[in-house]
Amino acid sequence: MIIMKYRKHKGLKISEIGIGTYALSGVYGVKDLKEFKKMIERAYKLGVNFFDTAEAYGNAEQILGEIVKPFREDIYIATKVGVRSGIKPNLSKDYIKKACEESLKRLQTDYIDLYQVHFHDPTTPTEETIEALEDLIEEGKIRYYGVGHLPLDVTEKYCKLGKPFSVLAEFSAVARESYEKLLPLYRKYNLGIIAFSTTGRGLLTGRFGEDQKFEPGDIRYLDPLFQRERFQYGLRIAKKFAELGERYDKTPVQVAIAWVLAHEGVICALTGPSTVKHLEENVEASGWEIPKEDLRELDEFFRREDEWLRQKQKESIKQILTEPIQEPQRAFVDLIYAIETAVSLGITEEKEILPIFYELYGLRKDLNKEGASEKLKGIQAQLRKIIPLDVL
């Protein structure tokens, strides 16, 4: 029997397991919408009351709004604002007001429970964005607002100048950096942490082997989590979770989600099932706790693995930035890995390297065209100036 547990934060009683709809944007391939509808309806019956979407997720808002209409008043809908097409966010007051109206229409509702800043817009003052969000609260169009995917200093600015309900944090056993950075802000400002990618975009499910290949249409084709030593590291953690699961008659997925829920400040673990079967597996992670001695053992295991990973990542960055560009598609994936890894290791500042990332990402549809290799060589040279090879 599945029994959902709930966590209270600033007046809301939120199910430990939430449902995210990122998969509807097509990032993991085409989904069966009939099965997706059954999954959402089943989630509601199992006690899930938190459903997360975004204006950037294709027609996800529209699909979710239609499905939850019969039980809208019993659930919380969270959506996101700031980026719809392209990769340059817009958090101006005018854009937010207009985007909110459009989200309300697509969701077929009069109000949004949690309206979240999706990505940072360096061209709009934080004060202007907060003013727009607080206006929407006064107008009754949103109940609370939250933030996500922002530089740490910008997240703190929102906390100082406004009253965000929550912060989105990528958090799983294979991606712990974001949570660790946000924890002091949670403690200082009572900021609820909504964890996403809690199974490492499927890496912790135990379904992948070392020879796993993803199609270019699948976001994991580019995702640093599935590249080089980072992938090997993830597979070893997945194996560890499988061993722990056998001890308690739990699946690796349930161990992965329960591990996230064991952490201070987490008010909801978002999962992204598209089938009833996967939903039910995820939901069974609620109400079960990993024993403290096992959590301590896992922490020690992670420390050892992290040391190995850091050394290997430095070696990979050096190799990517110094070896000649060969095949453009592979080089593109490798350069993204080098950028994201250099930022996560603290070797370079995100704001310093972001313009190069935008330039690189802008090439993604032109990799088969003539001249792609030369452009990639130029980006590689730019990165060598920003990422100091002598510290690798």
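Biologist: Leaving aside its neighbours within four places in sequence, with which residues is Ala338 in contact?

Modeller: In this predicted model, Ala338 is in contact with Ile317, Ile320, Leu321 and Ile387, once the neighbours within four places are set aside.

Biologist: Where is Ala338 placed, and is it buried or exposed?

Modeller: Ala338 belongs to helix H11, which covers residues 328-344. Buried means under 20% relative accessible area. Ala338 has 0% relative accessibility and therefore counts as buried. As for one of its partners, Leu321 lies 17 residues from Ala338 along the chain, and their C-alpha atoms are separated by 7.9 Å.

Biologist: How should one read a buried residue that lies in a loop? In which loop is His118 found?

Modeller: The same cut-off applies, namely under 20% relative accessible area for a buried residue. His118 is found in the loop between strand S6 (112-117) and helix H4 (126-138). The relative accessibility of His118 is 5%, so this residue counts as buried.

Biologist: Which residues does His118 touch, not counting those up to four places away in sequence?

Modeller: His118 touches Ala54, Ala56 and Tyr57, then Lys80, Val81 and Val83, and also Gly148 and His149.

Biologist: Let us turn to a whole helix. Which residues of helix H9 are buried?

Modeller: Helix H9 runs over residues 276-283, and its buried residues are Val276, Leu279, Asn282 and Val283. To read such a pattern, one looks down the helix axis. The buried residues of H9 then fall within an arc of 125°, and therefore they line one face of the helix.

Biologist: What covers the buried residues of H9?

Modeller: The cover includes two strands, S3 (17-20) and S10 (266-271), together with helices H1 (33-45) and H8 (252-261).

Biologist: How many helices and strands are there in the protein, and how is its overall form to be read?

Modeller: The protein has 13 helices and 10 strands. Its radius of gyration is 21 Å, close to the 21 Å given by the globule rule for 392 residues, so the protein is as compact as a globular protein of that length. The C-alpha trace spans about 60 × 55 × 45 Å along the principal axes.

Biologist: What share of the residues counts as buried, and what share of the contacts joins residues 24 or more positions apart?

Modeller: Of the 392 residues, 53% count as buried. Among contacts with a separation of 6 or more, 77% are between residues 24 or more positions apart.

Biologist: What does the protein expose, and how many charged side chains does it have?

Modeller: The protein exposes about 18,500 Å², with carbon and sulfur atoms supplying 48% of that area. There are 59 positive and 63 negative side chains, and the centres of these two sets lie 1 Å apart.

How values were computed. Residues are numbered from 1 along each chain as its sequence is written. This is a predicted model: local features need pLDDT of at least 70, side-chain atom pairs count only at pLDDT 80 or more; totals for chains, interfaces and linings use all residues. Side-chain values use heavy atoms; hydrogens and water are left out. Helices (H or I, at least four residues) and strands (E, at least two) are DSSP runs, numbered from the N terminus. The radius of gyration is taken over C-alpha atoms; the globule rule is 2.2 Å times the number of residues to the power 0.38. Buried means under 20% relative accessible area, exposed over 50%, partly exposed in between (1.4 Å probe, protein chains only). Contact means heavy atoms within 4.5 Å. Accessible areas come from the Shrake-Rupley method with a 1.4 Å probe; for residues, only the protein chains shown count as cover. Lys and Arg count as positive and Asp and Glu as negative; His and the chain ends are not counted. The place of a charge is taken as NZ of Lys, CZ of Arg, CG of Asp or CD of Glu. The arc is that of the directions from the helix axis to the C-beta atoms.
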